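Biologist: I'm new to this one, so could you take me slowly through a single part of it, and then show me what lies around that part? Plain talk is fine.

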Amino acid sequence: MKSITITGKMHPGFDKILTEEAQEFLLKLHQKFNSTRKTLLEQRKEIHQKILAGQKPTFLKETESVRKGDWQVAPIPEDLQDRRCEITGPAEAKMMINALNSGATIYMTDLEDSNTPNWFNQIQGQANMSAVYERTLEFTSPVGKEYRLNDGELATLILRPRGWHLEEKHILIEGETTSGSLVDAGLYLFHNIKRTLSKGTGPYFYLPKVENHLEARLWDDVFTFSEKELGVPHGTIKATVLLETILASFEIDEILYELREHMAGINAGRWDYMFSVIKKFRHLPEFIWPERAQVTMTAPLMSAYTELLVQTCHKRGAHAIGGMAAFIPSRRDAEVNRVALEKVREDKEREAEDGFDGSWVAHPDLVPVCTEVFSNAFEEGRVHQKHRLREDVKVTAEMLLDFQIPGGNITESGLRNNISIGIQYIAEWLGGNGAVAIFNMMEDAATAELSRSQTWQWCRHPEGKLDDGRKITLEMVQSMIPEEIAKVRTLFGEAYNEENMKQATELFIELITQDEFEEFLTIRAYDQLE
């Protein structure tokens, strides 16, 4: 048997997560699936090279029978039927307790985009999730405030593990780094697959960054193997896929089909989707986007992919879940609070009208408005609207590739916003915090990716100009960086972290100045984590 080496520090309680039996299960997952994972990641590069060479994505001919077939996903458990409001956040004790107590029907516990994947966060997160099921999770703040789980009903927990592209450098097998996906999912399943069932729920997942049906098939294979290995019936594990890459939009049916025995639904991930569009089509001379606030969900391609998502999910008996409301309400500023709630209500009303069965929020104070909007939209007695088949929707491949944003522009404040958000977020991420409140918005890795990718694109595109006609250049951006950092230093005062900001600034500058576009900033930044 191959050897497994753990190089991370064994903090208190980690021995209960990284038991010999758990390590043996990770070893089996690695041996069986890691080579396929690596092959699929290489195939991502090959597909992108074809796009760069001029080939346009389209619906696959070889899977036409799946799209035309008469099939549905397997029955969905009772506690995944009502998804009117889902709240998300990292697997940190205080945020978990607040989210589980929030009144949301679902809580997505995140080991991915709203989490810094340092060693402590990943393994402590596993311990926290097990403590949720045992009702022992608690937290006391430095000032003595205590947080405990409600005695009554909690939100249903769904885990988001890391995507296929991320690795776990602290667990080595024969000297080879392991898959972050397999480590996160493997440890959770090993410790909780039977525990969840004994508590009246189940082992549920959110699957990020899936680009095609073959990557979905790999997840399905991992689930099938794990169910057999851990002694539960086939189909026990249920997954919701995040549709947050543009290529996956051409394979929604196929992704549902591959996971049909384990499928619960698909979520419309908006920020990562926008990042994916820029990443995949940055070479097109006719493609440039305005600042992110102007790329709304009513933009042609955003509307096309979300309507296709709803139609396809409902046809196959799966839930369609709307995107994130990242606005942060203010308990101190009534006007900020009013604007945030108004924007969230408007966004959720649009999603409910489109046929979504629920949506995401990033803050407990947004749970009531999201829940209310979907409750009002549903027919009496229903907790979803899967009966709305949206047969009126006719989405073509061309519609999914319609990148035009009517009336969009780039302002100096929009450029400065990208610079500030990108650097501030990376600094917080390096400090161990992956969910960051910046300018009354909850930012995560997806929005940081969008900020730096837009800045990279604007500097290189001939039409990358401010609304006053000035061409955006690397020199312009670099001249703005010290000014934006000075504003942050003034804002934070004594709480300003000089070392983290310096590291983040250097990384941000490196990412936007290098001609080769970095696939994910989190891969580069992960090298700087302990």
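**A small sheet and the spaces beyond**

Modeller: Let's start with an open sheet: 3 strands in the order S1-S7-S8, with antiparallel pairing. Its edge strands, each pairing on one side only, are S1 (4-6) and S8 (176-179). On average, neighbouring strands here are turned by 55 degrees against each other, direction ignored. Helix H6 (residues 180-198) packs on this sheet and touches S7 and S8, and its direction makes about 55 degrees with that of S8.

Some ground rules before we go on. This is a predicted model, where local features need pLDDT of at least 70 and side-chain atom pairs count only at pLDDT 80 or more, while totals for chains, interfaces and linings use all residues. Residues are numbered from 1 along each chain as its sequence is written, and side-chain values use heavy atoms, with hydrogens and water left out.

As for the terms, helices (H or I, at least four residues) and strands (E, at least two) are DSSP runs, numbered from the N terminus. Two strands pair if DSSP finds at least two bridges between them. Contact means heavy atoms within 4.5 Å. Axes are lines fitted to C-alpha atoms, for helices over the stretch in contact, and angles run from 0 to 180 degrees between N-to-C directions.

Back to the strands. S7 covers residues 167-173 and pairs with S8 in the antiparallel sense over 4 bridges. Look for glutamate 168, which stands opposite threonine 178 in S8.

Helix H6 also takes part in a salt bridge (a side-chain nitrogen of Lys or Arg within 4 Å of a carboxyl oxygen of Asp or Glu). The partners are aspartate 184 and arginine 162, whose side chains meet at 2.8 Å, N to O. Aspartate 184 sits in H6 and arginine 162 in the loop between strand S6 (156-160) and S7, so by the chain numbering this pair links distant parts, 22 residues apart. The structure holds 54 salt bridges.

Now for the empty spaces. On a 1 Å grid over the protein atoms alone, a cavity is a set of points where a 1.4 Å probe fits but cannot get out, and a pocket is an open set with protein on both sides within 12 Å along at least five of seven lines; lining residues have an atom within 4 Å of a point. Grid points are joined across faces, edges and corners, and a volume is the space filled by probe spheres set on the points.

There are 5 cavities of 30 Å³ or more. The largest holds about 260 Å³ of space. It is lined by 28 residues, and the closest to its centre are Thr88, Arg160, Met324, Trp360 and Asp444. The second largest cavity has a volume of about 110 Å³. Among its 16 lining residues, Glu112, Asp113, Leu166, Ala445 and Thr522 are the closest to its centre.

Finally, the largest pocket offers about 860 Å³. Of its 32 lining residues, Trp271, Ala293, Phe327, Lys343 and Met441 are the closest to its centre. Helix H11 (334-354) is one of the elements that give two or more residues to this lining, and H11 supplies the largest share, 8 residues.
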